[in-house]
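Biologist: I would like to go through this model with you, beginning with the overall fold and then turning to individual contacts. Shall we start?

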Amino acid sequence: MRMSQNQDKWTTVRVPTELLKAIDEFMKSQIDEFGLPKYRSKSDVVTEAIKEFLKKHREKEAGS
């Protein structure tokens, strides 16, 4: 069985349950101006958080 191209671009990362609860609460509070959720999944939230974390730390390294 061959994985689709989309599946080849993703991997699984384990996150503590306590963080997942916090992510769920965060997702509930993130609504756009039309009353729609800003995030479709926990993966969307975690992906954005990782990008922001990496950007922040790259800027710190560049400034060193």
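Modeller: The secondary structure of the protein consists of three helices and zero strands. Please keep in mind that this is a predicted model.

Biologist: What pattern does the protein follow along the sequence?

Modeller: The pattern is α-α-α when read along the sequence.

Biologist: And how much of the protein is made up of buried residues?

Modeller: Of the 64 residues in the protein, 8% are buried. The accessible surface comes to about 6,300 Å², and carbon and sulfur atoms account for 55% of that surface.

Biologist: Which residues form a nonpolar patch on the surface?

Modeller: The patch is formed by Ile-50, Phe-53 and Leu-54, which together have about 290 Å² of accessible area. Leu-54 belongs to helix H3. With a relative accessibility of 40%, Leu-54 counts as partly exposed, because partly exposed covers the range between the buried limit of 20% and the exposed limit of 50%.

Biologist: Let us turn to the aromatic residues. How many aromatic pairs are there?

Modeller: The count comes to one aromatic pair. Phe-26 and Tyr-39 form this pair, with 5.8 Å centre to centre and 40 degrees between the planes, and the arrangement is tilted.

Biologist: Why does that pair tie together separate parts of the sequence?

Modeller: Phe-26 lies in helix H2 while Tyr-39 lies in the loop between H2 and H3, so the pair links parts that are 13 residues apart in sequence.

Biologist: Is Tyr-39 buried or exposed?

Modeller: Tyr-39 counts as buried, at 14% relative accessibility. Its partner Phe-26 is partly exposed, with a relative accessible area of 32%.

Biologist: Now for the charged residues. How many salt bridges does a search of the whole structure find?

Modeller: The search finds four salt bridges. One of them is between Lys-42 and Asp-24, where the closest N and O atoms are 3.6 Å apart. Lys-42 lies in helix H3 and Asp-24 in helix H2, so this pair ties together parts that are 18 residues apart in sequence.

Biologist: What is the relative accessible area of each partner?

Modeller: Lys-42 has a relative accessible area of 34% and is partly exposed. Asp-24, with 29%, is also partly exposed.

Biologist: Where do Lys-28 and Glu-25 lie?

Modeller: Both lie in helix H2, three residues apart, which is about one turn of the helix. Their side chains meet in a salt bridge of 3.5 Å, N to O. Lys-28 counts as exposed at 61% relative accessibility, whereas Glu-25 counts as partly exposed at 49%.

Biologist: With which residue does Arg-40 form a salt bridge?

Modeller: Arg-40 pairs with Asp-44, and the closest N and O atoms are 4.0 Å apart. Arg-40 is exposed, at 77% relative accessibility, while Asp-44 is partly exposed, with a relative accessible area of 27%.

Biologist: One last residue. Where is Gln-30 found?

Modeller: Gln-30 is in the loop between helix H2 (17–29) and helix H3 (42–63).

Biologist: Which residues does Gln-30 touch, not counting residues up to four places away in sequence?

Modeller: With those neighbours left out, Gln-30 touches Leu-36, Pro-37, Lys-38 and Tyr-39. In addition, the side chain of Gln-30 makes a polar contact of 3.3 Å with the side chain of Ser-29. Tyr-39 thus appears both among the contacts of Gln-30 and in the aromatic pair with Phe-26.

Terms used
Residues numbered from 1 in each chain as written. Predicted model: local features only at pLDDT ≥ 70, side-chain atom pairs only at ≥ 80, totals over all residues. Heavy atoms only, no water. Helix = DSSP H or I, 4+ residues; strand = E, 2+ residues; numbered from the N terminus. Polar contact = N/O pair within 3.5 Å; in protein donor to acceptor, adjacent residues only side chain to side chain. Contact = heavy atoms within 4.5 Å. Patch = residues over 30% accessible without salt bridge, like charges linked within 9 Å, V, L, I, M, F, W, Y side chains within 5 Å. Areas by Shrake-Rupley, 256 points an atom, 1.4 Å probe, with all protein chains shown as cover. Buried < 20%, exposed > 50% of the residue type's maximum accessible area, 1.4 Å probe, protein only. Phe/Tyr/Trp six-rings, centres within 6.5 Å; stacked < 30°, edge-to-face > 60°.
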